[in-house]
There are 2 protein chains.
Amino acid sequence: MWGTIYHSKGSIMENNTVSIDQVKTYLIDNGIHPSFQRLKIFQYLMQSKEHPTVDIMYQALCREIPTLSKTTIYNTLNLFQQCGIVMGLTIEDNEVRYDANIESHAHFKCTTCGKVYDIPFEYPELQEERINGHVIKERHFYMRGICKDCSNTS
Amino acid sequence: MWGTIYHSKGSIMENNTVSIDQVKTYLIDNGIHPSFQRLKIFQYLMQSKEHPTVDIMYQALCREIPTLSKTTIYNTLNLFQQCGIVMGLTIEDNEVRYDANIESHAHFKCTTCGKVYDIPFEYPELQEERINGHVIKERHFYMRGICKDCSNTS
DNA sequence: TTCTCTGCAAACGCTTTGCACGGAT
DNA sequence: ATCCGTGCAAAGCGTTTGCAGAGAA
């Protein structure tokens, strides 16, 4: 077998609502000054299931924060990535998507609608820390195909 | 276990030299008109082990073909991808790399020098063609870390 | 002639950089 | 007063598009 794929998930990231206070504590714990924009951006990322692009986040957040600029989103996401609390996904198409779920999981991208889904997935224990002499630091597994919604519609 | 990782590889793609005639036959078999530029681009891709970006290919090939333009490389690679004889890799950094090896394998990208290595890897038989209701068409597995050369140097 | 390939130039879109303003300590 | 976060404007860069000229059939 090749790692365990669960058909349901039990991550804490699954919560649909995350309070600003929770986010604030989380950022502080990770050494990040909790500005209003940073709080909102991280909260959005936690609550979103769609692995949003910068543009999606901008469109959504600028309704609440009309002065928000994309530069701030870029700055903030780069900061989050450096601190390891956010992961950038580059599955294809030169579009970077972001994920606040840093637990072990895989991704599924629908080639029809473009949505990216988390797939609960347990990477197996590394039997060796090297492969062909290269030291393995990260493993990424993703699938592409047609999602539930799109295959039902067609 | 999670698929088989081989520590040596036996692919036909491993040949260091591929004759233009072999490439020509291959392109024709795949329904592609074998122009000079296309032959050279595909030959380069087969012989290269580095999963080159468009820019790398351009720098290398324009020594032989001084009039070559990047547009032609883009056109050609897009054509090859549509015909399924070349694969685009988007591991990160918004840089697309190309691979003429369309056999089952994984990739390893060095975070220090940026090189991408093929890792012989056999994806297991799909036990179900769907996961969480989504129809799986492709599976991709890549690793990141520090390659042999870079870990020896440091 | 007709069709396709090629390649220059310009457009495009995402991301980063430069820099100045403003709020917080 | 100093520091740091924010956000506008411009630059940067990889890729695509428009189009005209060249070459093959």
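This is a short talk on a predicted model with protein chains A and B and DNA strands C and D.

Okay, let's begin with the fold, using chain A. Its secondary structure comes to 5 helices and 7 strands. If you walk along the sequence, the pattern you read off is β-α-α-α-α-β-β-β-β-β-β-α. Chain A has 154 residues, and 47% of them are buried. On contacts: take those in chain A with a separation of 6 or more, and 52% of them are between residues 24 or more positions apart.

Let me pick one helix to look at, α3 of chain A, residues 54-61. Which of its residues are buried? They are A:V54, A:M57, A:A60 and A:L61. Those residues cover an arc of only 135° around the axis, so they sit on the same side of α3(A). And what do they pack against? The partners are α2, α4 and β3, the last being residues 97-99, of chain A.

Now the DNA, strand C to begin with. There are 13 residues around DNA strand C, and the ones that come nearest are A:Y74, B:S35, B:T67, B:S69 and B:T72. If you ask which parts of the strand are involved, sugar and phosphate make up 76% of the strand C atoms that come within 4 Å of the protein.

Some individual contacts here. A:Y74 has a polar side-chain atom 2.3 Å from a phosphate oxygen of DNA strand C. For A:N78, the distance from a polar side-chain atom to a phosphate oxygen of strand C is 3.5 Å. From the other chain, B:R38 places a polar side-chain atom 3.2 Å from a phosphate oxygen of that strand. Stepping back to elements, those that give two or more residues to the surface near strand C are α4 (70-83) of chain A, plus α2 (36-47) and α4 (70-83) of chain B. Of the elements, α4(A) gives the most, with 3 residues. By class, the residues of this surface divide into 3 nonpolar, 9 polar and 1 charged.

On to strand D. Here we have 14 residues around the strand, with A:S35, A:T67, A:S69, A:T72 and B:Y74 coming nearest. Sugar and phosphate account for 79% of the strand D atoms that come within 4 Å of the protein.

For the contacts, the side chain of A:T67 has an N or O atom 2.9 Å from a phosphate oxygen of DNA strand D. B:Y74 does this at 2.4 Å, again from a side-chain N or O atom to a phosphate oxygen of strand D. So what about the bases? Have a look at A:T71, where a side-chain N or O atom is 3.4 Å from a base nitrogen of DNA strand D. The elements giving two or more residues to the surface near strand D are α2 (36-47) and α4 of chain A, together with α4 of chain B. Which element gives the most? That's α4(B), with 3 residues. The classes on this surface are 3 nonpolar, 10 polar and 1 charged.

Right, aromatics. Over all chains, the structure holds 11 aromatic pairs. Take B:F42 and B:F80: the ring centres are 5.4 Å apart and the planes are at 90°, which makes the pair edge-to-face. This pair links distant parts of the chain, with B:F42 in helix α2 and B:F80 in helix α4 of chain B, 38 residues apart. Are these two buried or exposed? Both B:F42 and B:F80 are buried.

Compare that with B:F108 and B:Y117, a tilted pair, with 6.4 Å centre to centre and 55° between the planes. B:F108 and B:Y117 are buried as well. Over in chain A, ring pairs link A:Y26, A:F42 and A:F80 into a cluster.

Last thing, a couple of backbone oddities in chain B. B:H51 is not a glycine, yet has a positive phi of about 50°. Where is B:H51? In the loop between α2 and α3 (54-61) of chain B. Its relative accessibility is 5%, so B:H51 counts as buried. The other one is B:N132, also not a glycine, with a positive phi of about 55°. You'll find B:N132 in the loop between β6 (130-131) and β7 (134-146) of chain B.

That's it from me, thanks.

Conventions: Residues are numbered from 1 along each chain as its sequence is written. Chains are lettered from A and ligands numbered from 1 in the order in which they are written. This is a predicted model: local features need pLDDT of at least 70, side-chain atom pairs count only at pLDDT 80 or more; totals for chains, interfaces and linings use all residues. Side-chain values use heavy atoms; hydrogens and water are left out. A residue is near a molecule or strand if one of its heavy atoms lies within 4 Å of it. A polar contact is a pair of N or O atoms within 3.5 Å; within protein, one must be able to donate a hydrogen and the other to accept it, and residues adjacent in sequence count only if both atoms are side-chain atoms. Helices (H or I, at least four residues) and strands (E, at least two) are DSSP runs, numbered from the N terminus. Ala, Val, Leu, Ile, Met, Phe, Trp, Tyr, Cys and Pro count as nonpolar, Asp, Glu, Lys and Arg as charged, and the others, Gly among them, as polar. Rings of Phe, Tyr and Trp (its six-membered ring) pair if their centres lie within 6.5 Å; planes under 30 degrees apart count as stacked, over 60 as edge-to-face and the rest as tilted. Buried means under 20% relative accessible area, exposed over 50%, partly exposed in between (1.4 Å probe, protein chains only). The arc is that of the directions from the helix axis to the C-beta atoms. Contact means heavy atoms within 4.5 Å.
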